[in-house]
Structure formats: C-alpha cells, structure tokens
Amino acid sequence: MARLHQPLLLFASNDPLRVTTRRRHPWDRLVAKWRSLTLDSQLAEGFQADTDRLRLVRAEVLSLPRTRLELAREWEMVMDRSVRPHRGGRVRIPLQYRQIRLAETAIRRLVAGLRSGRAINVQGVAMASLLLTDGTGPLYNPARAGELRGFVNSAVDHLDPMTLLRSA
C-alpha cells in the first residue's frame with residue numbers, strides 16, 4: 001500500500017508548549033547519510049537535533065536499535081583487530097592498537113551501552129559513530145592517539161539520557 005503523505009517531523013521550538021511540524025522529504029535520509037560525518041560531528045558537539053531537518057533525521061537513524069547494534073559490532077571488530085592486527089593478510093586501516101588496548105574497559109562499556117535496550121542520549125551515539133568514521137580522530141591519528149580513552153569515556157557518559165538534565 002502506497003503512502004499518501006510523507007511523515008511529519010516534529011520540532012520543538014523555544015516555547016516548550018509549542019511544537020511545530022515540517023514535512024519530511026523522501027530524500028532526507030539519503031542526504032543525511034551522505035552528510036553523516038558533518039551531522040554526527042554536530043550532534044556529538046551537542047547541537048540540538050530538532051533545530052535542523054537533516055540533523056533530526058540523522059539523530060533518528062542513530063537512535064535505531066539496528067544502528068546502535070551495528071556500531072557496537074564495529075567497536076568489537078576494532079578491539080579484535082587490536083589483539084590480532086595482521087589477521088587475514090595485510091593491514092587495511094592503520095589503527096592505534098596500543099591505545100585501543102589501553103581503552104579496552106571503556107570500549108567495552110561503550111559497546112554495552114550501545115547494545116542495551118534502554119533509552120539513550122543520541123549525543124553519545126553520535127560520538128561513538130564519529131570516533132569510528134573520522135580519520136583524523138584518535139582511533140587513527142597517532143598524534144591524537146592518547147586522547148582515545150578520554151573520548152570513549154565521554155561517549156559512554158553521553159549515552160546516558162541524564163546528561164541532558166545535568167547540562168541544562
């Protein structure tokens with residue numbers, strides 16, 4: 001059965017008693033995927049998802065259980081590679097193996113948070129995604145490798161929805 005109308009996106013305004021709606025375009029999800037690095041960066045920095053249509057679409061995608069599980073699997077593969085970096089032939093992606101092993105406890109907490117079925121703050125998910133995809137970040141860049149554990153711990157802290165209340 002074909003949809004007659006595109007779904008609406010709800011946007012909170014500065015007035016807590018007023019909610020506005022905007023029509024979602026069919027291509028929003030595709031554009032948000034193309035711009036995921038920028039949108040994840042904005043969400044990780046704490047930009048409000050509901051002030052931009054594409055940021056809201058990206059936040060919705062990051063909040064999906066399947067997206068969270070995929071991120072958890074990718075983090076598990078990163079940890080696995082840090083133990084066996086040359087498994088399967090030559091190394092394709094240069095990771096900071098030593099720093100990954102040093103951040104293992106924090107990464108395991110991140111994976112557990114991503115896998116949990118509880119409510120999350122999308123900022124933490126965006127941080128976890130950005131750490132995996134930003135080639136200039138501490139996971140890949142030797143000059144920033146020492147920052148990895150701190151960034152992962154921050155992502156874990158920001159997964160908790162209570163961080164929204166503490167920062168308000």
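In this predicted model, helix H8 covers residues 148-159, and its length can be checked with simple arithmetic: at 1.5 Å a residue, these twelve residues should span 16 Å, and the end C-alpha atoms are 17 Å apart, which agrees. Five residues of H8 are buried, namely Leu148, Val152, Ala155, Val156 and Leu159. Around the axis they cover an arc of only 100 degrees, which puts them on the same side of H8. This fits a general feature of the α-helix, which has 3.6 residues a turn, so residues three or four places apart point the same way. The cover over the buried residues of H8 includes helix H4 (65-83), helix H5 (97-102), helix H6 (104-115) and helix H7 (122-133). Ser154 also belongs to helix H8. With a relative accessible area of 22%, Ser154 counts as partly exposed because buried residues must fall under 20%. The C-alpha atom of Ser154 is 7.7 Å from that of Gly124, although their positions lie 30 residues apart in sequence as a separation.

With H8 in view, the rest of the chain can be laid out. The secondary structure amounts to nine helices and two strands, and the order along the sequence is β-β-α-α-α-α-α-α-α-α-α. Of the 168 residues in the chain, 38% are buried. Among contacts with a separation of 6 or more, 61% join residues that are 24 or more positions apart. The chain exposes about 10400 Å², and carbon and sulfur atoms supply 56% of that area.

The interior comes next. The largest nonpolar core has 36 residues, and those touching the most other members are Trp75, Ile100, Ile107, Leu110, Leu114, Leu139 and Val152. Two or more residues of this core come from each of H2, H3, H4, H5, H6, H7 and H8. H7 gives the largest share, with eight residues. Ile107 offers a useful place to look: beyond its neighbours within four places in sequence, Ile107 is in contact with Trp75, Met79, Ile100 and Val152. Val152 is also one of the buried residues of H8.

Charged side chains add another set of links. In general, side chains of opposite charge can pair when their charged atoms come close. A search of the whole structure finds seven salt bridges, and three of them are described here. In one, the side chains of Arg58 and Asp40 meet at 2.7 Å, N to O. This pair links distant parts of the chain, with Arg58 in helix H3 (residues 53-63) and Asp40 in helix H2 (residues 36-44), 18 residues apart. Both Arg58 and Asp40 are buried.

A second salt bridge joins Glu104 to Arg108, whose closest N and O atoms are 2.7 Å apart. Glu104 and Arg108 are four residues apart in helix H6, which means that about one helical turn separates them. Glu104 is partly exposed, with a relative accessible area of 33%, and Arg108 is likewise partly exposed at 48%. The third salt bridge brings Arg109 and Asp157 together, with 4.0 Å between the closest N and O atoms. Arg109 lies in helix H6 and Asp157 in helix H8, so this pair ties together parts that are 48 residues apart in sequence. Arg109 is partly exposed at 40% relative accessibility, and Asp157 is partly exposed at 43%.

The surroundings of Arg58 and Asp40 can be followed further through Ser129, which sits in helix H7. Ser129 has a relative accessible area of 5% and is buried. Apart from neighbours within four places in sequence, Ser129 is in contact with Asp40, Arg58, Leu62 and Leu71. Ser129 therefore touches both partners of the salt bridge between H2 and H3. In H2 itself, the buried residues are Leu39, Asp40, Gln42, Leu43 and Ala44. The cover over these residues includes helix H1 (28-34), H3 and H7. Just after H2, Gly46 takes a positive phi of about 100 degrees.

Key. Residues numbered from 1 in each chain as written. Predicted model: local features only at pLDDT ≥ 70, side-chain atom pairs only at ≥ 80, totals over all residues. Heavy atoms only, no water. Expected span 1.5 Å × (residues − 1). Buried < 20%, exposed > 50% of the residue type's maximum accessible area, 1.4 Å probe, protein only. Arc of directions from axis to C-beta. Contact = heavy atoms within 4.5 Å. Core = buried A, V, L, I, M, F, W, Y, C linked by side-chain atoms within 4.5 Å. Areas by Shrake-Rupley, 256 points an atom, 1.4 Å probe, with all protein chains shown as cover.
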